[in-house]
Amino acid sequence: MIKLENVSKSYSAGIPALNDVSLKIEPGEFVFVVGDSGSGKSTLIKLLLKELEPTSGNIVINNQKLGSIRHRDVPRFRRHVGVVFQDFRLLKDRNVYENVAFAQRVIGAPTKSMRRKVPAVLSMVGLAAKYKSYPREISGGEQQRVAIARALVNEPKILLADEPTGNLDAHNAWDIMKLLEEINHRGTTVLVVTHNQEIVRAMKKRVITMKKGVIVGDEKAGDSYED
Amino acid sequence: MRISTFLYTLKQGVKNIWKNKMFSLASIATMSACIFLFGVFYSVVVNFQKVVKEVESGVAVTVFFEDNIKEKEIKAIGKQIDKRVEVSKKVFVSAEDTWDEFQKVYFEGAEEFAEDFADDNPLIHSAHYEVYMNDISMQESLVTYLESLDGVKEVKSSDAAANTLTDFNRLIGYVSAGIILILLCVAVFLISNTVTVGIAVRREEIAIMKLIGATDYFVRAPFIVEGILIGVIGSALPLAVLYFMYRRIIFYVADKFRWLSGMLDFLPVDQVFSVLVPVALILGVGIGFLGSRMTIRKHLKV
């Protein structure tokens, strides 16, 4: 579960990036967050990852109050939140398998677990055959799949995706969305920040609209979303 | 820590060195130069100290007795001298020995003058102990003690010799400490530079690591390993070079400058390196650790 209570975030004097935002996302939900540049979407993701601290208000994720997590416990918290970025952020000098295994390595998982989980998650994202390829040898859509596999290999309860289709063509963008939907069906809460109105409209999921740091719309799943 | 994580950290440290080959090489070269200079300096200093020690060991305090002292009392004084920690050895020189020595030195070629004294020993009250010390800087306290003993008339010592040697030893100590300190600072600075470049190159990777839940320790460890490895390589190389150089110099001097033997005996290579190897390695590892740790604290906000 993700809960924000009156959360504000200001970087410096001026308009706050987030202004008194409150929202609740139940476990297993699939939520889109939409809005123009500067609406506060990226700040929201950073706050949820505890990359930033809110200026005021509380954030609760998986029953943990983020404000009370000590610096040294942040890594442990992040292991329960998978994250995917627009620019994939893969390690260019490592192949597909190593990129995904890296997430397991980082948390100190035993080699045995790595050997079991990495091929399983790669086959889930449809890249089992390309495990030896390097990022430069695969398409953008495939690179995003690797990033998703890396985010999922530690079995997080929540997956945050910041513009996951921003660098992809329409066909690949749809493939990634279908994959995220499948991941959601397996029980993971998915929060997708996107500009892609076409996808948002077609997916018929809950849509939170932000403008200038404030939530200006919250359409339930199944409602027809209009920009 | 799991063995696999340990091995991974080690591998990443080696990779870091490899990725920044030029900077790593520069660091290793400078570290080698520093340790090499340290080694040269150390070898010179210990050999010099050996020479000084040998000179020191020839400096003695002379203890003269009251005129009518009995042999038993002289022996008692000797026993008390033996108990002192400053004393390495003492030699009893009788009045007869003193007179014989005097004749040898001053009447050489004019023995007839000595014959005038017949059986008369003009130095009858010159029996004495020559007391040699472990450390010449202890001379002052020893003299004070000896002067306080019953039956001792006079204690003669060379303050100038003792002070000069003590001051010289101290100077060597200060100079070596100063040079070592400068070398340490240079080496730490260079390792710090290399690690800074390593961090800059891997900034994106570090950001990814943090976002997927890597602990600070996991992020930092490869850089510490990198620093330590540079330290180890940078100290092992000059040690090997120094070892062979030292041996060659000993052989060369012994062969070409035979007339110096006795005056200039080098310490055996094993004796010098039994101290130099662990000290240089500890220095290397220490500098590597310190340099990388300082840099990480400054540039790697995780």
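Which way does α5(A) pass α6(A), in a left-handed or a right-handed crossing? That was what I wanted to know when I opened this one, a predicted model.

**Entry 1: the α5/α6 pair**

I looked at the crossing first, and it is right-handed. Helix α5 of chain A covers residues 140–152, and helix α6 of chain A covers residues 170–185. I found that their axes come within 9 Å and cross at roughly 20 degrees. Angles under 35 degrees count as roughly parallel, so I put α5(A) and α6(A) down as roughly parallel to each other.

Next I wanted to see who makes the contact. From α5(A) I listed Gly140(A), Gly141(A), Gln144(A), Arg145(A), Ile148(A) and Leu152(A). From α6(A) I listed Asn172(A), Asp175(A), Ile176(A), Leu179(A) and Ile183(A). Sorted by class, the residues of this contact come to 5 nonpolar, 4 polar and 2 charged.

**Entry 2: helix α3 of chain A**

How many of the 11 residues of α3(A) are buried? I got 10, so this helix, residues 96–106, is largely enclosed by the rest of the structure. I wrote the buried ones out: Val96(A), Tyr97(A), Asn99(A), Val100(A), Ala101(A), Phe102(A), Ala103(A), Gln104(A), Arg105(A) and Val106(A). Arg105(A) is in that buried set, which I noted for my own list.

Then I asked what covers the buried residues of α3(A). From chain A, the cover includes α4 (111–124) and α5. Chain B joins in too, with α1 (3–19), α8 (203–211) and α9 (216–256) among the covering elements. I have already met α5(A) as the partner of α6(A), so I marked this helix in both entries.

Just past the helix I checked the backbone: α3(A) is followed by Gly108(A), and the phi of Gly108(A) is positive, near 75 degrees.

**Entry 3: where chain B touches chain A**

I counted the two sides of the interface and found 13 residues of chain B in contact with 16 residues of chain A. On the chain B side, α1 and α8 each supply at least two residues. The largest share there is 4 residues, and it comes from α8(B). By class, I have that side as 7 nonpolar, 4 polar and 2 charged residues.

**Entry 4: chain A overall**

I finished with the totals. Chain A holds 7 helices and 10 strands. Of its 227 residues, 44% are buried. I also looked at contacts in chain A between residues at least 6 apart in sequence, and 68% of them join residues at least 24 apart.

Conventions:
Residues are numbered from 1 along each chain as its sequence is written. Chains are lettered from A and ligands numbered from 1 in the order in which they are written. This is a predicted model: local features need pLDDT of at least 70, side-chain atom pairs count only at pLDDT 80 or more; totals for chains, interfaces and linings use all residues. Axes are lines fitted to C-alpha atoms, for helices over the stretch in contact, and angles run from 0 to 180 degrees between N-to-C directions. Angles under 35 degrees count as roughly parallel, over 145 as roughly antiparallel, 65 to 115 as roughly perpendicular and the rest as oblique. A crossing is left-handed if the near helix is turned anticlockwise from the far one by less than a right angle, and right-handed if clockwise. Two residues are in contact if their C-beta atoms, placed from the backbone, lie within 7 Å. Ala, Val, Leu, Ile, Met, Phe, Trp, Tyr, Cys and Pro count as nonpolar, Asp, Glu, Lys and Arg as charged, and the others, Gly among them, as polar. A residue is buried if 20 or more other C-beta atoms lie within 10 Å of its own, exposed if 12 or fewer, and partly exposed in between; C-beta atoms are placed from the backbone.
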